[in-house]
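Trainee: Could you take a close look at one part of this model with me, the side chains and their neighbours? I would like to hear the reasoning behind each call, not just the result.

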Amino acid sequence: DVRRLPFGDAVFDGVWCCAVLLHLDPADLRLALGQFSRVIRRRGRLFVSVRHGEGEELRDSSCGVARWFRFYKEGEIAEALTSEGFTIDTAETAPGIAGGLWVNVHAVRT
């Protein structure tokens with residue numbers, strides 16, 4: 001559970017988080033980013049990828065279970081990251097291999 005990582009403080013050089021945070025509500029997004037900030041060493045790296053867009057929706061999946069999605073603009077996810085102690089290295093919106101546009105951010109723990 002990215003909202004409650006079972007690791008000590010400053011134990012990792014980096015975290016890779018691809019297509020996970022988009023399934024959290026905004027309050028839980030802040031919890032997860034706070035956990036990443038806690039477990040990443042100073043000057044450590046973070047990669048985050050979320051679906052680009054606005055709003056949220058419940059989508060049917062091929063396995064018959066609906067999944068919740070929250071969409072983000074570059075500025076919105078960048079602001080959330082900086083508020084949790086990260087400096088943005090790069091941020092781009094680009095087509096993803098799963099289809100659609102994705103916001104991809106590389107950040108550094110300050």
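**Side chains and their neighbours**

Mentor: Happy to! The sulfur of Cys 63 is too far for a bond, because the closest cysteine sulfur, in Cys 18, is 18 Å away. Please keep in mind that this is a predicted model. A disulfide would need two cysteine sulfur atoms within 2.5 Å. Cys 63 is also exposed, with a relative accessible area of 62%. Across the structure there are 0 disulfides. Cys 17 is in none either, since the nearest cysteine sulfur, that of Cys 18, lies 7.9 Å away, against the 2.5 Å cut-off. Cys 17 counts as buried, at 4% relative accessibility.

Now to the aromatic rings. A search of the whole structure turns up 3 aromatic pairs. One of them joins Phe 7 and Phe 12: the ring centres are 5.0 Å apart and the planes meet at 85°, so this pair is edge-to-face. The cut-off behind that call is a plane angle over 60 degrees. Phe 7 is partly exposed at 40% relative accessible area, and Phe 12 is likewise partly exposed, at 29%. Another pair is Phe 69 with Phe 71, whose ring centres lie 6.4 Å apart with planes at 10°, so they count as stacked. Here the angle falls under 30 degrees, the limit for stacking. Phe 69 is buried, with a relative accessible area of 6%, and Phe 71 is buried too, at 7%.

Phe 69 has a charged neighbour as well: the charged end of Arg 59 sits over its ring, 4.8 Å from the centre. A similar arrangement involves Arg 70, which lies over the face of Tyr 72 at 4.7 Å from the ring centre.

Next, have a look at helix α1. This helix covers residues 26-39, 14 residues in total, and reaches 20 Å from its first C-alpha to its last, close to the 20 Å expected at 1.5 Å a residue. At its N-terminal end, Asp 25 acts as a cap, with a side-chain oxygen 3.0 Å from the backbone nitrogen of Ala 27. The buried residues of α1 include Leu 29, Ala 32, Leu 33, Phe 36 and Val 39. Its buried residues pack against strands β1, β2, β5 and β6 and against helix α2.

Ser 37 is a nice example to follow in α1. Ser 37 counts as buried because its relative accessibility is 9%, and the cut-off is under 20%. Leaving aside neighbours within four places in sequence, Ser 37 touches Glu 84, Phe 86 and Arg 109.

Finally, two backbone angles deserve a glance. Most residues other than glycine have a negative phi. Ala 10 has a positive phi of about 55° although it is not a glycine. Ala 10 lies in the segment before β1 and is partly exposed, at 36% relative accessibility. Arg 43 also has a positive phi, about 75°, and is not a glycine. Arg 43 is found in strand β2, and at 59% relative accessibility Arg 43 counts as exposed, because the cut-off is over 50%.

Methods. Residues numbered from 1 in each chain as written. Predicted model: local features only at pLDDT ≥ 70, side-chain atom pairs only at ≥ 80, totals over all residues. Heavy atoms only, no water. Helix = DSSP H or I, 4+ residues; strand = E, 2+ residues; numbered from the N terminus. Expected span 1.5 Å × (residues − 1). Buried < 20%, exposed > 50% of the residue type's maximum accessible area, 1.4 Å probe, protein only. Contact = heavy atoms within 4.5 Å. Polar contact = N/O pair within 3.5 Å; in protein donor to acceptor, adjacent residues only side chain to side chain. Phe/Tyr/Trp six-rings, centres within 6.5 Å; stacked < 30°, edge-to-face > 60°. Lys NZ or Arg CZ within 6 Å of the ring centre and 35° of its normal.
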